[in-house]
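Me: I'm new to reading protein models. Can we go through this one together, a question at a time?

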Amino acid sequence: MELYRIITMLLIVAHHFVVNSGVLNEAYEMPLSKNSIFLFLFGAWGKTGINCFMMITGYFMCKSNITLKKYLKLICEILFYNIVLALIFFAFGHGTIMDILNAFFLIRIIDSNHFFACFLVFYMMIPFLNILLRNLSKRQHGRLIGLLAFVYIFLSTMPKFNITTNYVSWFSVLYIIAAYIRFYPPLKRAWGRLTILFVATAVVSILVCLEAGVKLNKHAAYRFVTDSNTFLAFAISFCSFMLFLNLKIRKSKLINTIARSTFGVLCIHANSMTMINWLWKDCLNVSAAYKFPFMKLVIFSLLSVFGVFSVCVLVDFIRVNTVEKVFLSKLEHNRCFLRAKHKFEIT
């Protein structure tokens, strides 16, 4: 699962490499060229990656408890990167005083599409979801999943339906599905073959949509994988999750150490529009790379994604072993925290 967490975050970084850099504007100019097809496929798995990440959370947290310490640790990690990065960008002329002030207020970013704010709201719901799920029978749990799958996956995939959803509700759906897997482990099946089948289907859908888009003059390459709750995005995440859940590999301290910083990777590289513009447009200048020869573009893309991921892991590793360690040690002896932590817990 920790290896799966790493792969998931790499897919998310690759998605941001393509969709946040402006290179899609170049790709849509010649959508059927080799460079364009590569970029469309390279960046197609971000929403699938979000699903995978949340299913891992659901699988482990459905039998755990959210404590005040865990929640404060999560909030402080997000706030730390918000504030520190805003100060750094301001110092180098890439931000404003308002950006620094806004970095202190998580409430400013709560909307239906912002991952971090929605994740914090969803995280507070976990204790209540656990109470619900622990009091459902296997049949009731299965019927609930059937209802949610019909509304959130089937109807949302249909062209004529527009089911309004947001990350908070969709994260809850994934949590309920992952909890069912934890409570009632499915039979071992050919999850690897199913994963390959759905990935191949998604690739074909992207190519077909590109071809149709040329004829209809529409930008719809990601029509069937553009949202986390489309059928293909969910099917790939579910089957790959089951594949890695049943994968037996030797424990690795390196894998566990890197996996521990995957959320930090997200907090850093997708921190703000200032970070997004600086990283993908100013620093790496991804749009200009579109004109590279095909193999040079492939190598540049891979090195960029692995480079961003590695630097973010290193930064977060330093934070965990310095700032976070000091913060948690002081928190354990704080009187206000000791009085509040028991009231925070939901049983």
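Reply: Sure, and let's start with a word we'll need: a residue is buried if its relative accessible area is under 20%. Keep in mind that we're looking at a predicted model.

Me: How many residues of α13 are buried?

Reply: Helix α13 is mostly covered. T262, F263, G264, V265, L266, C267, I268 and H269 are the buried ones. For the helix, the count is eight of eight.

Me: What kind of aromatic pair do F38 and F42 form?

Reply: The structure holds 34 aromatic pairs. For F38 and F42, the ring centres are 5.2 Å apart and the planes are at 25 degrees. Planes under 30 degrees apart count as stacked, so this pair is stacked.

Me: Where do F38 and F42 lie?

Reply: They are four residues apart, about one turn of the helix. The helix that holds both of them is α3, residues 34-42.

Me: Is F38 buried or exposed?

Reply: The relative accessibility of F38 is 15%. The cut-off for buried is under 20%, so F38 counts as buried. Its partner F42, at 14%, is also buried.

Me: What kind of pair do F119 and F263 form?

Reply: Here the centres are 5.5 Å apart, with 35 degrees between the planes. Stacked needs under 30 degrees and edge-to-face needs over 60. The angle falls in the rest, so the pair is tilted.

Me: How many residues apart are F119 and F263?

Reply: F119 is in helix α7 (residues 115-134), while F263 is in helix α13 (residues 262-269). The pair links distant parts of the chain. Both rings belong to buried residues, with F119 at 4% and F263 at 9%. Along the chain, the two are apart by 144 residues.

Me: Which residues form one aromatic cluster with F119 and F263?

Reply: F119 and F263 are members of one aromatic cluster. The other names in that cluster are F53, Y71, F115, F116, F122, Y123, Y167, F171 and Y175.

Me: Which ring does the charged end of K296 sit over?

Reply: There are charged ends over rings here, and one of them is R182 over Y59, 5.0 Å from the ring centre. For K296, the distance to the ring centre is 4.4 Å. That ring belongs to F292.

Me: What is the separation of the C-alpha atoms of L331 and K69?

Reply: L331 lies in helix α16, residues 294-331, and is buried at 10%. L331 and K69 are 262 residues apart along the chain. Their C-alpha atoms are separated by 8.2 Å.

Me: What is the phi of N285?

Reply: Most residues other than glycine have a negative phi. N285 is not a glycine, yet its phi is positive. N285 lies in the loop between α14 and α15 and is partly exposed at 38%. Its phi is about 50 degrees.

Me: At what angle do the axes of α8 and α9 cross?

Reply: Two packed helices are described by the angle and the distance between their axes. The axes of α8 (residues 138-157) and α9 (residues 167-183) come within 10 Å. Their crossing is left-handed. The angle is roughly 145 degrees.

Me: How many nonpolar residues does the contact of α8 with α9 have?

Reply: The contact includes L144, I145 and L148 of α8, and V173, I176 and I177 of α9. By class, there are also three polar residues and one charged residue. The nonpolar count is 12.

Notes: Residues are numbered from 1 along each chain as its sequence is written. This is a predicted model: local features need pLDDT of at least 70, side-chain atom pairs count only at pLDDT 80 or more; totals for chains, interfaces and linings use all residues. Side-chain values use heavy atoms; hydrogens and water are left out. Rings of Phe, Tyr and Trp (its six-membered ring) pair if their centres lie within 6.5 Å; planes under 30 degrees apart count as stacked, over 60 as edge-to-face and the rest as tilted. Buried means under 20% relative accessible area, exposed over 50%, partly exposed in between (1.4 Å probe, protein chains only). A charge sits over a ring if NZ of Lys or CZ of Arg is within 6 Å of the ring centre and within 35 degrees of the ring normal. Axes are lines fitted to C-alpha atoms, for helices over the stretch in contact, and angles run from 0 to 180 degrees between N-to-C directions. A crossing is left-handed if the near helix is turned anticlockwise from the far one by less than a right angle, and right-handed if clockwise. Contact means heavy atoms within 4.5 Å. Ala, Val, Leu, Ile, Met, Phe, Trp, Tyr, Cys and Pro count as nonpolar, Asp, Glu, Lys and Arg as charged, and the others, Gly among them, as polar.
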